[in-house]
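Hi,

Here is the structure I promised to pass on. Have a look at it first, and my notes follow underneath.

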Amino acid sequence: QFNKPHGITIDNEGNVLVADSRNHCIRKITPQGAVTTLAGNGVAGFAEGQGSKAQFKFPVGIAVDNQGSIFVADCDNGRIRKITPTGFVSTFAGTGEKSGDTNGPGLSV
């Protein structure tokens, strides 16, 4: 079940990707209607890693680039997270600071 799905997008293969905010994970719905967890494990927190080893804390926004990478606004972790096409989750930008407006380089490109 979803718990406060907050953001959705469609990837290059027609899958619907959902930032499942209160389940602290990213879900995938195939064109056939199968729902799976792409990243996160349902536990609020911060961890980088492959698929279910990663943790999010209230993901709210989601987008996909032309290479199939997924970008997630990880709200309570104060970061933009990147999920590679192989399912590895890392921090793309942000330091975890809860507020601020300082411009500068992201952590990875």
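**Around His6**

Leaving aside neighbours within four places in sequence, His6 is in contact with Ala19, Ser21, Pro59 and Val60 (contact meaning heavy atoms within 4.5 Å). Before you read on: this is a predicted model, where local features need pLDDT of at least 70, side-chain atom pairs count only at pLDDT 80 or more, and totals for chains, interfaces and linings use all residues. Residues are numbered from 1 along each chain as its sequence is written, and side-chain values use heavy atoms, with hydrogens and water left out.

Back to His6, which sits in strand E1. Strands here are DSSP runs of E, at least two residues long, numbered from the N terminus. Is His6 buried or exposed? It counts as exposed, at 55% relative accessibility (buried is under 20% relative accessible area, exposed over 50%, partly exposed in between, with a 1.4 Å probe and protein chains only). His6 also lies 8.9 Å from Ile62, C-alpha to C-alpha, with the two positions 56 residues apart in sequence numbering.

**The two sheets**

One open sheet has 4 strands in the order E1-E2-E3-E4, with antiparallel pairing (two strands pair if DSSP finds at least two bridges between them). Strands E1 (5–10) and E4 (35–39) are at the edges with a single partner strand each, so one side of each has no neighbour in the sheet. From one strand to the next the twist averages 30 degrees, taking axes as lines fitted to C-alpha atoms and angles from 0 to 180 degrees between N-to-C directions. Within this sheet, E2 (residues 16–20) and E3 (residues 25–29) are joined by 5 bridges, and Val18 has Arg27 in E3 as its bridge partner.

The other open sheet has 5 strands, ordered E5-E9-E8-E7-E6, and its pairing is antiparallel too. Here E5 (49–50) and E6 (59–64) are the edge strands; each has a single partner, so one side of each is left without a neighbour. E7 (residues 70–74) and E8 (residues 79–83) run antiparallel and share 5 bridges, and Asp74 stands opposite Arg79 in E8.

**A pocket to look at**

The second largest pocket is lined by 14 residues, with Asp11, Glu13, Gly68, Ile70 and Pro85 nearest its centre. Its lining has 4 nonpolar, 7 polar and 3 charged residues, with Gly counted as polar and Pro as nonpolar. A pocket here is an open set of 1 Å grid points with protein on both sides within 12 Å along at least five of seven lines, and lining residues have an atom within 4 Å of a point.

Cheers

Conventions
On a 1 Å grid over the protein atoms alone, a cavity is a set of points where a 1.4 Å probe fits but cannot get out, and a pocket is an open set with protein on both sides within 12 Å along at least five of seven lines; lining residues have an atom within 4 Å of a point.
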